[in-house]
Amino acid sequence: MWHEVRGLKDDVDLGTPPRDGPPVSLEIDGQPVTVPAGSSVMLAAATAGRAIPKLCATDMLEAFGSCRVCLIEIEGRNGFPASCTTPVAEGMKVKTRSEALTRLRKGVLGLYLSDFPRNEIPGGWSEFHETLKAEGITSHPYGEGGANHFDARVDDSNPYFLFDPTKCIVCSRCVRACAEVQGTFALTIDGRGFESKVVASQNQPFLQSECVSCGACVQACPSHALVEKSLFDGEYKHA
Amino acid sequence: MPNPIKPEKSVVTTCAYCGVGCGFKAETRGEKIVRMIPWKEGKANHGHSCIKGRFAYDYYNAPDRVLTPLIRASIDDPWKSVSWEEAFAYAAGEFKRIQAKFGVKSIGAVSSSRCTNEEIFLTQKLARAVLGNNNIDNCARICHSPTQFGLTQTIGAGAASQHFDSILQADVIMIVGANPTEGHPVFGSLMKRRIREGARLIVIDPRKTETVESAHCKADVHLAIRPGTNVAILDSIAHVIVREKLYNEAFVHARCEVAEFENWKALVGDDKYAPEVIGPIANVDPADIRRAARLYAGGPNSTIYYGLGVTEHSQGSTGVMCLGNLGLSCGMLGREGVGVNPLRGQGNVQGGSCLGSWPHVFSGYRFVTDHATRSSFEAEWGVTLDAEPGLRLPNMLDAAVAGSFKGMYIMGEDPVQSDPNQHHVIAAMKNMECVVLHDLFLNETSKYAHVFFPGSSSLEKDGTFTNAERRVSRVRKVIEPLAGLQDWEITVKFMNALGYELSYDNPGEVLDEIARLSPNYSGMSFALIDQIGSAQWPCNKDAPQGTEVLHREKFPRANGLGTFMLTDYVPTAERTSDRFPLLLTTGRILTQYNVGTQTRRTPNSVWHPEDVLEINEQDAIARGLQDGDWVQMSSRFGQIQLRARISERVNPGVVYTTFHHAKSKANAVTSDLSDWATNCPEYKVTAVDVVRIRVPTGTASLEAARLEAAE
């Protein structure tokens, strides 16, 4: 845990926590980079200035590998592993961009987009919004009226932040921040598959739950589903 | 729901709440703060935060914030708004008149641990160089003064031996009289991380706090001692270490005064400190005392963190010495993962402590009686300084009651609410002819003040804070001061009005002056902190970027050796009786902060709208109490009314409350006993009784206030 907290930098998100193993050299898109053993390919790519798009990863939390946006190709290996959960190896040759990867990422991001409130896309500045912009995703092929979570109720019970499940992409960053960073374990994912949702304690409003309002979940949320009320004018302007 | 509005600007600064001193990026839109984001490079918090620093910042904008200076000739008159010039002239005129009539020493000053280092330094400069006496004290008097004394006596430095991250290399963590998950939440989270990695936990606390047991974190040993038996239990732990020869003989021989070690061994090794003797006194199982001792001594890296549960006792200094002795005897000092560390309550208690805001010492704990030190200050300040130590805050109040002390400059403190024996404090206040209060809001003390300087919140000024790990971090101005002046400017202008010429372009120049006059700070500057983020003192030519771990080679004592103090247990004079059969102890809760000046003005009151009395079911049944009943709690000193909560957190015979709300007046019942060495009040032990009452008069309005706060 030493390097994991002490190696963080303010202006970059390495994607996975910094490590302090012996140096390992690899190539990212042909560019050589050396990082400590135990680092992820995602961290190596960020270090090499070839940041890989991601949603469920951030360097204050251990890798989770759920969003499937950070896929890569590795020379001599099959498939498209997630760069956040793949540790670096000496001499590894990684490709972060290719036609196949673009197609895969577009497919995944389109799925997220299809269950995100459409009128909340313009003007957004969350990591999710920035990722869509960076990858040039503006539409999805799934049409309107499919299964979605647009009717989910906003939980504004906490005086300082609100949880709008319609914007939640169920990446678990909030759940993991509550556990790993804060150590309170107030949040969990309830249900499975399409039914899965973030809940506080026993499916209670945040204010009635074990939540201690440290803000780690809000900070971790990549889609402004958990967001400070103070960032809104009018209704959410606090006292 | 629309998208949130993006903040325009962000400034890195330091949280003004507890002694963890988290780094934050304060984000603004126009002149309004819209968000506080924990700073990932903040070395105390690594991007984490708690509810107070992260969300409870809006107090700066509260409707009752005072924005113009106020004066009045008598505390029975209404306040009159005046210009800054008029307020300075009036206060200065009164102070000069009082000194002419009652003598140079009839006035003093008090600084606060919520002030920056620069402000604290200026306030003591005001007392010494301008008022011409050493009547300067600070609020650490009532919290951690025993830390400075007790640790200096044993290990040579009255400060944390470690940096916070050191806990990540600890194998055994001993928490004494502290509740980090509520009082120092971000450090509490770091501690829990380490516990989840497998570190063992010993907690010594009368109460079963959240630190004792929470999700994936459970103390291996919890010594739920009877309040007031700290020294007995720590001596008993030492007894086991001595009798079972668990001490680190090599360390003691290399690093400590061996003769003193032998004396200490003889004392704590005596049968009177055997767990079987102390167990019944402290109300704990002797086997648990042995387990705690073996765990601590076994390490390999054992570390101690402690809070006001150690210091705020009549043997507070002795308790601190016990911890110093333990660390030395087991060789748990001088490297990563070990140490003896006070958890400081307020953002700048350490700064308040080490910058000379004391009646007997200059910055760096150098005595005012020492000619050479005094000369260095005289040369810098161009005045002759008083060689006689001044009055401590409790003594200033005593002298005011006696009639010889007539005026006080109070910066950022509310002694009427936070100091013990409220009736006495009020009597002292009423007896003074000019009380100058410098704060954000009118408070309990302002009822007895004649001049009010409207201060600036930490979001409105520049300076530095020194956190509980000796880390000096920048406080940066995020918005313009609402009342027009930054706090350091107010103090400087007041000094000017009193006839002392000085000026600074910015508080960085005050820090430069501190650096010139204080060995531990000699390498500190705004430029250094801006460059490397923060630095822990000692920061000097040997350690240009500061020092994370103290005592690696030697202890900062004349011979470089640590020493053992004799820590005989002397029970407090505050004892239970037929009339007062319960022991009251006090503490803090996560969402509120001290006397609540800041947090009560934020939605944090939703979580803690009032102080309640925790009482064990046995004691509740004996008194016919139901959960939520109103009770009257009486002690020899006073009585208060509050609601009872039946709780398993306290043992039978012990009751507990917080002191965050002025209306519950917890300090009206606390005793006037204090630490034998430093006068730190004994807040943690008061004999009381509790009786059920009907809903008290005035409760209608209390209820309304509660509901209002909850909305």
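1. Contact here means heavy atoms within 4.5 Å. With that in mind, let us start where the chains meet in this predicted model: 47 residues of chain B are in contact with 51 residues of chain A. The area buried between chain B and chain A comes to about 4500 Å², with carbon and sulfur atoms giving 53% of that figure.

2. The polar side of this interface deserves a look too. Seven salt bridges are counted between chain B and chain A. For a concrete example on your screen, try A:Arg6 and B:Asp165, whose side chains meet in a salt bridge at 2.7 Å, N to O. Across the interface of chain B and chain A there are also 30 residue pairs in polar contact, both residues of each pair being at pLDDT 80 or more.

3. Which elements of chain B give two or more residues to the side that touches chain A? They are the strands β2 (23–29) and β3 (32–38), together with the helices α1 (51–55) and α6 (185–196). As for the make-up of the side of chain B that touches chain A, its residues divide into 20 nonpolar, 12 polar and 15 charged.

4. Now to chain A by itself. Chain A has six helices and eight strands, and from the N terminus on its elements run α-β-β-α-β-β-α-α-β-α-β-β-α-β. The radius of gyration of chain A is 19 Å, close to the 18 Å that the globule rule gives for 239 residues, so chain A is as compact as a globular protein of that length. Along its principal axes, the C-alpha trace of chain A spans about 55 × 45 × 35 Å.

5. Chain A is divided into domain 1 (1–97), domain 2 (102–135) and domain 3 (161–236). Between domain 2 of chain A and domain 3 of chain A, the C-alpha centres lie 20 Å apart, and the contact takes nine residues from domain 2 and nine residues from domain 3. These two domains of chain A bury about 860 Å² between them, 63% of it from carbon and sulfur atoms. On the domain 2 side, A:Phe116, A:Trp125 and A:Glu127 lose the most area to domain 3 of chain A, together 41% of what that side buries.

6. What polar links join domain 2 of chain A to domain 3 of chain A? The interface holds two salt bridges and five residue pairs in polar contact, both residues at pLDDT 80 or more. A salt bridge worth displaying is the one that A:Glu120 forms with A:Lys167, where the closest N and O atoms are 3.0 Å apart. The residues of domain 2 of chain A that touch domain 3 of chain A divide into five nonpolar, one polar and three charged.

7. Finally, the domains of chain B. The assignment gives domain 1 (9–61), domain 2 (70–143 + 348–536), domain 3 (145–342) and domain 4 (582–710). The centres of domain 2 of chain B and domain 3 of chain B, taken over C-alpha atoms, are separated by 34 Å. Here 13 residues of domain 2 of chain B are in contact with 14 residues of domain 3 of chain B, and the area buried between these domains is about 1100 Å², of which carbon and sulfur atoms give 46%.

8. One last detail on that interface within chain B: between domain 2 and domain 3 there are zero salt bridges, while three residue pairs are in polar contact, both at pLDDT 80 or more. The side of domain 2 of chain B that touches domain 3 of chain B divides into six nonpolar, three polar and four charged residues.

Key
Residues numbered from 1 in each chain as written. Chains lettered and ligands numbered in written order. Predicted model: local features only at pLDDT ≥ 70, side-chain atom pairs only at ≥ 80, totals over all residues. Heavy atoms only, no water. Buried area = accessible area lost by both parts, 1.4 Å probe. Salt bridge = Lys/Arg side-chain N within 4 Å of Asp/Glu carboxyl O. Polar contact = N/O pair within 3.5 Å; in protein donor to acceptor, adjacent residues only side chain to side chain. Helix = DSSP H or I, 4+ residues; strand = E, 2+ residues; numbered from the N terminus. Nonpolar A, V, L, I, M, F, W, Y, C, P; charged D, E, K, R; others polar. Domains from an automatic or database assignment. Rg over C-alpha atoms; globule rule 2.2 N^0.38 Å.
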